[in-house]
Amino acid sequence: MRLPRLLFSLILVLAGFSMSAQADSLVKHFPQAKKSGCIACHSQIEPIREIGSKMLDQIMRRGAAMGDPAGCVVCHRGNPAETKDKAIAHGGGDFYPDPGSPWVNKETCGQCHEEQVRVQWQSLMMTEAGKIQGTCWSFGALTGYQHKYANYAVQNPKNPEDRLGTAVYRSYMERLKKLEPNVFVDKHEPLPDAVGFDELGKLEQHPELAAFTYIRQECNRCHHAVKGRQKRGDFRGMGCSSCHIPYSNEGLYEGDDASIPKDETGHPLTHQIQGTREATVTVHGTSYHGVPVETCTTCHNRGKRIGVSFQGLMETPYTSPFTSSGADQPGLHTKHYIAMQQDIHYQKGMKCQDCHTSVEVHGDGFLAASNLAPVEIECADCHGTPDRFPWELPLGYMDEFAMEPATGPPRGVAQEQLPHTWAGYEHEKHDGYLLTARGNPYENVARDGDEVIVYTAEGKDLRLKPLKKLAAEKKISQRGLVAMLGVTKHLERMECYTCHATWTPQCYGCHIKVDYRQKDRCPECRESQMGFDWVAAGRRHLEPEHRTDGGESGYAALIPGKVTEQRSYLRWEDPILGINGEGRVSPIAPGCQPSVTIIGADGKPIITNHIFRTPPGMEGGGKSGQLAIDMSPTQPHTMTKNARTCESCHASDKALGLGIGGPRRWDERHFVDLETTDGTILSAQAQPQMEPIENLTHDWSQVVDRDGNQVATVGHHWQLSRPFNKEEMQHMSREGTCLACHREIPDGSLAVSFLHHVAQYTGQVPKTREQHSSLVHKIVLMSSWTQFTLVVTAVVGVVVGGAVWYRRRRRRYRTGEA
């Protein structure tokens, strides 16, 4: 325990962070900084860390040693001797507008944070290998199950000991690599180019090549090696600055530096670093700590949309409610939203980093090509189960990648942090740091007796009672005990969030149009259709003259094709269920369900509303292959204490994967006009209202039929992910259970009729759910005890009868002898 840090934290909490009520001036506390040429223009800029912090003191000492008493050159380089000419001060090839950029951060952030910089190129936020494989899959499984490509060529270190983490964790990850070699790969090849202006003719025979246009323009604009799209909600830095420099949704600077334009977008909100609870950021007199959730949602608003879902935001096609001026709701991430229930962790004041570890976010230095792959935490790591504390669980619990629950000795707790996280805040460990499912110390979560303390980045110390203690104190509802202990299969085979995620964004049908019209080949076209290639833009930074650029503004990275997206419909309630890559039942939601339309260079359609198929034999598709529309297992990040109802799973076709509201065909053309009763359209000028989507003979929401035949793909990244099979659906479904009783009520049999009429005349017919449950419970107990009594009576009767018979037989035998 480090007493000074604890006292510092306590003072911050008690004082309401008042010691940092305003971002202080650098020159006020470091008068020698005035001698720096940088201060000639930036005299009022905020210190990069709060006054008094060790990090700022280190920067100032290092800056003085480098000839800059203001310390600016430690991160930005440049010429601190120049006081008048900006071109000279910021000139040369060694000025870094964004010091966090991965193209330069080895020389900046890496001075102190060497390990984090080293592993960045293998991190999923850099490779985006999962998104690439997923999009290739939806265009016909172009790479099969292999995660072949990344944004940049990259490979694993040769020495397994270079993986960050404990020895136990490294061993665990080697085991996973053997189980899933297509995900935990040794290397990635660079993503192929999209079709060029002189290659558009290839699309006639190979329309699937449009996948690479789609990936480069839309899917992969968020990786760390680029600054990304400069739209409301999408403003951020590069590399380390993506997360550690605060950008508002408006992208405007609101600090005190007069030299930075206040009306020009693309600037940080303030010139300060955000990170742990020790780093204080102050804006307009308000201080905060940690990395705000909105920083994460800058990128995590597409795909599974877990960032915005965590905040309680659900995408909508509508622009209501209107603003106070009567205008449309402003676009955020180019979308519009409705407010939903927020995740309970968010409501408690937790941020993404309070659950997700440094190894998950920064990477461990080895490739993990799908978003489930680097995640080392499970709900039970903090909450345990009703019969075991977290430290009593074996490693790998709920992270099995197998169809049976993990077994083994209790995992215990850790006494030391990971070596590479030395710069982070060191929390009081009490009885020890909890361990993640994969064997790393959970450095902001400690055991204290039979309770758990979660140290949040914002500065709260949240004390929680694990489920075992809650059960002992009888603070778990009857429904919860039945679900977790009464039905043991739930905890053995299911993720906690299968029940506790209250909603999931479900965007059914992704209608993608890639328009390649070129005005020199399409006479009626006024302009050529093009889009920005974010991967090519990132690779421009490999060129020496662009290495230090702070973004991609002005890059000539346009490629042919303009991508637009539409959907069939949206849902959020009661997501479908299936099996995830860990072998557990989890929610599944539309991942990438493309119906693709491609317009050629001459303006004529090449394909319309086309669903690609996988190669033959994949995903239960037989000789014709499976429809390459995917349902993806997901952790929705919409947790609440109250779980979904039993009926929402056990009496729901949707939950089983059989579709919403029964099967509907999308492969038929629909006309809407005056018609006869037999459906004959009367108008000769009638236009089809909806064109068919070839091969889609069922709804987007269906992944399996009642015979267990798969009709779409489910989670193609992992070997175990799939829909329910026929046996599992039969085991799970309780549809029609009500008929078991009510087919005899009120007069199906003499006994039932008699009791029903007695209840009716005495006012005991149940009218509420509670009364009905009480009656069913009473019937179950009466039936059980009656049958139990009969069995016991029969056994006793047999025993007594046998004894009597034996005694009589013995008596007769003795009498005969006499």
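**View 1. Glu-128 sits in the loop between helix 7 (124-127) and helix 8 (129-138).** The model shown in this and every other view is predicted. Phi of Glu-128 is near 50 degrees. That is a positive value in a residue other than glycine. Glu-128 counts as buried because its relative accessibility is 6%, and the cut-off for buried is under 20%.

**View 2. His-637 also has a positive phi, near 60 degrees.** This residue, too, is not a glycine. Its loop runs between strand 20 (630-633) and helix 23 (647-650). His-637 has 16% relative accessibility, so it counts as buried.

**View 3. A cis peptide bond leads from Ser-320 to Pro-321.** Omega of this bond is near -5 degrees. Pro-321 belongs to the loop between strand 6 (313-316) and strand 7 (336-339).

**View 4. The rings of Phe-401 and Trp-718 form one of 15 aromatic pairs.** Their centres lie 5.1 Å apart. Their planes stand at 45 degrees, so the pair is tilted. The contact links distant parts of the chain, with the two positions 317 residues apart in numbering. Phe-401 is in the loop between helix 17 (380-383) and strand 8 (432-435). Trp-718 is in the loop between strand 23 (713-714) and helix 25 (726-732). Both Phe-401 and Trp-718 are buried.

**View 5. Trp-103, Trp-121 and Tyr-152 make up an aromatic cluster.** Ring pairs link these residues.

**View 6. Two arginines sit over aromatic rings.** Arg-163 lies over the face of Phe-366. The distance to that ring centre is 4.3 Å. Arg-584 places its charged end over the ring of Tyr-397. Here the distance to the ring centre is 5.4 Å.

**View 7. Helix 10 (residues 210-219) is largely enclosed by the rest of the structure, because 10 of its 10 residues are buried.** Charged residues are on the buried list, including Arg-216 and Glu-218. Aromatic residues are there as well, among them Phe-212 and Tyr-214. The list begins with Ala-210 and Ala-211 and ends with Cys-219.

**View 8. Helix 27 (residues 750-762) spans 18 Å from its first C-alpha to its last.** The helix has 13 residues. Its span is close to the 18 Å expected at 1.5 Å a residue. Gly-763 follows the helix. The phi of Gly-763 is positive, near 75 degrees.

**View 9. Strand 10 (residues 451-455) and strand 11 (residues 461-464) run antiparallel.** Four bridges join them. Tyr-455 has Asp-461 of strand 11 as its bridge partner. The two strands form a hairpin, with five residues between them. Gly-459 in the turn has a positive phi of about 125 degrees.

**View 10. Four strands form an open sheet in the order 16-17-20-23.** The pairing is mixed. Strand 16 (576-579) and strand 23 stand at the edges. Each has a single partner strand, so one side of each is left without a neighbour in the sheet. Strand 16 runs antiparallel to strand 17 (residues 585-590), and four bridges join the two. Ile-579 stands opposite Val-585 in strand 17.

Note on methods
Residues numbered from 1 in each chain as written. Predicted model: local features only at pLDDT ≥ 70, side-chain atom pairs only at ≥ 80, totals over all residues. Heavy atoms only, no water. Expected span 1.5 Å × (residues − 1). Pairing = 2+ DSSP bridges. Phe/Tyr/Trp six-rings, centres within 6.5 Å; stacked < 30°, edge-to-face > 60°. Buried < 20%, exposed > 50% of the residue type's maximum accessible area, 1.4 Å probe, protein only. Lys NZ or Arg CZ within 6 Å of the ring centre and 35° of its normal.
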